[in-house]
Amino acid sequence: MSIFHQQFTNSEIVTATGVTNFQLQNWLKRGQIVGQGDSEVGGGGGPGRHRRFSFFNLMEVAVAKALIDVGLTDMQRVTHVAVGFAHTGDNAIGSRPGRRPGLPFKEGKTLLIVGPDRVEEYQLKATERLGLAAAILQHGIGAVVIDVSEVFNNTLRRAGLDPAATIRAAYEG
C-alpha cells in the first residue's frame with residue numbers, strides 16, 4: 001500500500017512522533033492538527049469512534065514537534081509551517097528537483113529553514129555548505145533550521161516503516 005493511503009491510530013501517532021497523548025488531543029481540540037482534503041483527521045468525536053490519521057497528519061505532527069523541540073514557541077507559526085510541509089509539495093524548477101507532500105527530497109538532506117517572515121525548504125547535497133549559509137542569511141536576523149530528512153527517518157522507523165523504501169516507492173511509483 002502507498003504511504004499516501006496508509007492510516008494511523010492515535011497511539012501510532014504518539015509512538016512515531018514522540019508527542020504525548022495529552023499534547024495531541026490538545027492540538028486536535030484547538031484545530032491545530034487539521035489535515036487538508038482527503039487527509040483530514042477522521043473518526044473520533046464520540047465513544048467507540050477511533051480517530052484515523054493520514055501519513056500527511058503523521059508528518060504534520062512530527063514537524064510541529066520538531067519545531068517546538070528546537071525552540072519555536074509561536075504555535076500558530078509552528079502549525080502553519082508543519083501544515084505547509086506535510087500537505088504541499090512542489091514541482092521541479094530548473095535544476096531543483098520537486099518534493100512530494102510530507103516527504104523530504106529524494107536525494108540529499110532536506111532542511112526546513114523558518115525565519116520571521118518566510119519558510120524555505122532547502123536541499124543540502126553532500127558537497128554543498130556555503131549555499132546553506134546563504135539561505136539562512138536571507139531570513140534576516142536569524143532562522144530556526146530543522147533536518148526534516150532526520151525527522152522523517154526517525155518518525156517512520158518508530159512507526160515500523162522503512163524510510164528508504166518509502167521514499168523510493170513514493171518517488172518512483
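## Helix α4 and its covered side

Here, a residue is called buried when its relative accessible area is under 20%. With that cut-off in hand, a good place to begin in this predicted model is helix α4. Its buried residues are M75, R77, V78, T79, V81, A82, V83, F85, A86 and H87. That makes 10 buried residues out of 13, so α4 is mostly covered.

What do the buried residues of α4 pack against? Their partners are α2, α3, β3, β4 (119-124) and α6. From its first C-alpha to its last, α4 reaches 18 Å, close to the 18 Å expected at 1.5 Å a residue. Its N-terminal end has a cap, too: a side-chain oxygen of D74 sits 3.1 Å from the backbone nitrogen of Q76.

## Helix α3, wrapped up by the rest

Now for α3, one of the partners of α4. Since 13 of its 15 residues are buried, α3 is largely enclosed by the rest of the structure. It reaches 21 Å from first C-alpha to last, close to the 21 Å expected at 1.5 Å a residue.

Both ends of α3 have a detail to look at. At the start, a side-chain oxygen of S54 comes to within 3.2 Å of the backbone nitrogen of F56. Just after the helix, G71 takes a positive phi of about 110 degrees.

## The nonpolar core

In soluble globular proteins, nonpolar side chains tend to be buried together. Here the largest nonpolar core has 39 residues, and the members touching the most others are F55, M59, V63, L67 and L112. Several elements give two or more residues to this core: α1 (10-17), α2 (21-29), α3 (55-69), α4 (75-87), β3 (109-114), β5 (144-147), α6 (148-158) and α7 (163-172). Which of them gives the most? That would be α3, with 10 residues.

L112 is worth clicking on. Leaving aside residues up to four places away in sequence, L112 touches V63, V81, F85, V119, E120, E121, V144, V145, I146 and V148. There is also a second, separate core of 5 residues, which includes L111, Y122, L124 and A135.

## Rings that pair up

A pair of aromatic rings is described by the distance of the centres and the angle of the planes. The structure holds 4 aromatic pairs. In one of them, F4 and F56 are stacked, at 5.5 Å centre to centre with 10 degrees between the planes. This pair links distant parts of the chain: F4 belongs to the segment before β1 (7-8), while F56 is in helix α3, 52 residues apart. F4 is buried at a relative accessible area of 17%, and F56 counts as buried at 15%.

F56 also pairs with F55, this time edge-to-face: the centres are 5.5 Å apart and the planes meet at 65 degrees. Is F55 buried or exposed? It counts as buried, because its relative accessibility is 0%. Put together, F4, F55, F56 and F152 form one aromatic cluster.

## A loop residue to finish

Last stop: R51, in the loop between α2 and β2 (53-54). R51 is partly exposed, with a relative accessible area of 26%. Along the sequence R51 and F8 are 43 residues apart, but in space their C-alpha atoms are 8.5 Å apart.

Key: Residues are numbered from 1 along each chain as its sequence is written. This is a predicted model: local features need pLDDT of at least 70, side-chain atom pairs count only at pLDDT 80 or more; totals for chains, interfaces and linings use all residues. Side-chain values use heavy atoms; hydrogens and water are left out. A nonpolar core is a set of buried Ala, Val, Leu, Ile, Met, Phe, Trp, Tyr and Cys residues joined through side-chain atoms within 4.5 Å. Buried means under 20% relative accessible area, exposed over 50%, partly exposed in between (1.4 Å probe, protein chains only). Helices (H or I, at least four residues) and strands (E, at least two) are DSSP runs, numbered from the N terminus. Contact means heavy atoms within 4.5 Å. The expected span of a helix is 1.5 Å times one less than its number of residues. A polar contact is a pair of N or O atoms within 3.5 Å; within protein, one must be able to donate a hydrogen and the other to accept it, and residues adjacent in sequence count only if both atoms are side-chain atoms. Rings of Phe, Tyr and Trp (its six-membered ring) pair if their centres lie within 6.5 Å; planes under 30 degrees apart count as stacked, over 60 as edge-to-face and the rest as tilted.
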